Amino acid sequence: MLESGNQFVLNEYLSGLYPESKMLPEMTQMWNNYDTDYRPLVEFAKENKLRFIATNIPRRYASLISKKGINALKELSPEALALIGPDLETYFDPTVKAYAEMADNMGGHVPPNMLNIQTAQAAKDATMAHFSLKNFKKGDLLLHIEGSYHSNYQQGIIWWVHKIQPGLTLKSITTVTVSEWSKLTPEEKASIANYIIVVADNMTQTEN
């Protein structure tokens, strides 16, 4: 959830420079489910003196790419580009499963700017992969929390990590409801993730 531009403020909060009441107003694009879904993780990191990395692309840049395509990067300053994964132009491929399926799922209603939409989604994955790798050191255990569409079937962020820095060992965890589980084929169950948590259909869910 947390965007790369928030790292400075987040680091100051984790180091104890000021209380949460001062930190939250300084953060940009905080989701509505921060208190329930993300705050416990941030506070756990703070209490245990762990790093917490803000990996996502700033939403304003993802929106810009969605409107103008990958050429929008040429309009940004070096300071802005430092907040975006630099590998996007090198490796983006709209035929990769994760992005091709975005168009397939729209059936016959594919918008004319579909390529831009796919690029914006890839920009999120590429940026999260970039900042994960930038903050990873050999011997670390880095746990990345994201929506399952960013990692299911070894796609999204995982695909980008393997492109940027091949050879790392990655394991994915996903959550599905009982009804979703019952609809998966044996092949899907074997490939959706390394570890699968099946939860009750009526489990509480939040919205970002």
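**View 1. Gln 154 in the loop between helix 8 and helix 9 of the predicted model.** Gln 154 is placed in the loop that runs between helix 8 and helix 9. Its phi is near 60 degrees, which is a positive value in a residue other than glycine. Most residues other than glycine have a negative phi. With a relative accessibility of 28%, Gln 154 counts as partly exposed, because that value falls between the limits of 20% for buried and 50% for exposed.

**View 2. Gln 29 in the loop between helix 2 and helix 3.** The loop shown here joins helix 2 (20–23) to helix 3, and Gln 29 within this loop has a phi near 55 degrees, again a positive value in a residue that is not glycine. The relative accessible area of Gln 29 is 39%, so this residue is described as partly exposed.

**View 3. The largest nonpolar core and the helices that contribute to it.** This core has 25 residues, and those with the most contacts inside it are Ile 57, Tyr 61, Ile 65, Leu 88, Tyr 99 and Trp 160. The elements giving two or more residues to the core are helix 4 (59–68), helix 7 (97–104), helix 8 (114–134) and helix 9 (157–164). Helix 8 provides the largest share of this core, with 7 residues. In soluble globular proteins, nonpolar side chains tend to be buried together.

**View 4. The surroundings of Trp 160.** When its neighbours within four places in sequence are left aside, Trp 160 is in contact with Asp 87, Leu 88, Tyr 91, Phe 92 and Tyr 99, and also with Ala 122, Asp 125, Ala 126 and Ala 129. Trp 160 and two of these partners, Leu 88 and Tyr 99, are among the residues with the most contacts inside the largest nonpolar core. A second, separate core has 14 residues, including Leu 2, Tyr 13, Met 23 and Tyr 34.

**View 5. The second largest pocket and its lining.** This pocket has a volume of about 620 Å³ and is lined by 19 residues, of which Arg 51, Phe 52, Ile 53, Leu 143 and His 144 lie nearest its centre. Helix 3 (34–47) and helix 8 are the elements that give two or more residues to the lining, and helix 3 gives the most, with 4 residues. Sorted by class, the lining of this pocket holds 14 nonpolar, 3 polar and 2 charged residues.

Definitions and conventions
Residues are numbered from 1 along each chain as its sequence is written. This is a predicted model: local features need pLDDT of at least 70, side-chain atom pairs count only at pLDDT 80 or more; totals for chains, interfaces and linings use all residues. Side-chain values use heavy atoms; hydrogens and water are left out. A nonpolar core is a set of buried Ala, Val, Leu, Ile, Met, Phe, Trp, Tyr and Cys residues joined through side-chain atoms within 4.5 Å. Buried means under 20% relative accessible area, exposed over 50%, partly exposed in between (1.4 Å probe, protein chains only). Contact means heavy atoms within 4.5 Å. On a 1 Å grid over the protein atoms alone, a cavity is a set of points where a 1.4 Å probe fits but cannot get out, and a pocket is an open set with protein on both sides within 12 Å along at least five of seven lines; lining residues have an atom within 4 Å of a point. Grid points are joined across faces, edges and corners, and a volume is the space filled by probe spheres set on the points. Ala, Val, Leu, Ile, Met, Phe, Trp, Tyr, Cys and Pro count as nonpolar, Asp, Glu, Lys and Arg as charged, and the others, Gly among them, as polar.
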